[in-house]
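Visitor: Could you walk me through this model and show how each label is earned?
Guide: Gladly, let us look at it together.

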Amino acid sequence: MDFENFYRTSQVNGTIYITTRKELDKDLKSSLEEGAGEIVEVASELGEIYALRFKIDFSGQSRGYAYLQYINEALKEAALEYLPRRFSQLNIQIRVLTSNNNRELLLNRVHKSFSPWQVYQEMRKIYPFAILRVYEFRYNEFIYIFGYRNNDAAANAHQSIRNAIRRFGGRAHISWFSRKNYLSGVKVNSYCCRKLDKENIKLVPGIANNCFKF
């Protein structure tokens with residue numbers, strides 16, 4: 001599977017956040033997941049569904065919300081207008097909202113003894129990612145932006161990396177990366193200037209435009 005292409009496509013496609021009208025009502029939380037078939041049926045009136053992902057807690061219980069994604073990005077805006085009205089007509093107690101669906105993490109303050117290639121290899125051991133973009137903001141100092149398949153994967157990765165963060169040095173830090181940042185995968189069209197691997201890693205640091213990806 002071409003994970004990079006999948007990641008870039010999923011960054012663009014619109015995702016919708018759906019939740020029960022009373023998020024603290026346990027019966028409604030359960031009914032959201034139990035009514036998955038009906039939700040998909042109604043949502044499919046607009047077009048083909050790519051995914052419907054329910055969020056659960058550590059006990060396996062529904063958190064009362066889910067992410068709905070269409071294959072056709074253009075359907076998102078229409079769905080935000082159409083679905084609330086349609087669910088109301090059918091007396092389905094669900095709210096429909098836009099979603100940030102963040103799926104990027106920022107790793108910075110990594111000890112200088114680590115090369116970008118070493119960071120790449122170590123992070124692969126901790127949790128799989130779809131893409132890594134690296135920016136040299138000062139000579140031989142880098143920030144690392146990791147992209148994941150979806151918000152669920154990013155959340156799991158965030159927890160796993162936090163548990164292992166010390167291996168990158170005492171000051172290393174992992175955080176969510178804002179989709180509004182100009183370096184976000186949503187805004188970066190070129191996805192960096194050069195793709196590197198172990199065969200040409202010798203080009204780092206100081207390559208053109210101070211940006212590369214693995």
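Guide: Let us start with burial: buried means under 20% relative accessible area, exposed over 50%, and partly exposed in between, with a 1.4 Å probe and protein chains only. Trp117 and Tyr120 are both buried. This is a predicted model, where local features need pLDDT of at least 70 and side-chain atom pairs count only at pLDDT 80 or more, while totals for chains, interfaces and linings use all residues. Residues are numbered from 1 along each chain as its sequence is written, and side-chain values use heavy atoms, leaving out hydrogens and water.

Visitor: Why is Tyr120 called buried?
Guide: Its relative accessible area is 16%, and the limit for buried is under 20%, so Tyr120 counts as buried.

Visitor: What makes Trp117 and Tyr120 a stacked pair?
Guide: Rings of Phe, Tyr and Trp (its six-membered ring) pair if their centres lie within 6.5 Å; planes under 30 degrees apart count as stacked, over 60 as edge-to-face and the rest as tilted. For Trp117 and Tyr120 the centres are 5.1 Å apart and the planes are at 25°, which fits stacked. Both residues sit in helix α5 (residues 116-126), three residues apart, so about one helical turn separates them.

Visitor: Why is the pair of Tyr120 and Phe129 called edge-to-face?
Guide: Their planes stand at 75°, with ring centres 5.8 Å apart, so the pair is edge-to-face. Phe129 is buried too, at 15% relative accessibility. Ring pairs link Trp117, Tyr120, Phe129 and Phe146 into a cluster.

Visitor: How do you know that Arg133 and Glu104 form a salt bridge?
Guide: The definition asks for a side-chain nitrogen of Lys or Arg within 4 Å of a carboxyl oxygen of Asp or Glu. In Arg133 and Glu104 the closest N and O atoms are 3.0 Å apart, so the pair qualifies as a salt bridge. Arg133 lies in strand β6 and Glu104 in strand β5, so the salt bridge ties together parts 29 residues apart in sequence.

Visitor: What makes Lys112, Arg138 and Glu141 one network?
Guide: Glu141 forms a salt bridge with Lys112 at 3.3 Å, N to O, and another with Arg138, where the closest N and O atoms are 2.9 Å apart. Salt bridges that share partners join these residues into one network.

Visitor: Which of these three are buried, exposed or partly exposed?
Guide: Glu141 has a relative accessible area of 18%, so Glu141 is buried. Lys112, at 54%, is exposed, and Arg138, at 48%, is partly exposed.

How values were computed:
Helices (H or I, at least four residues) and strands (E, at least two) are DSSP runs, numbered from the N terminus.
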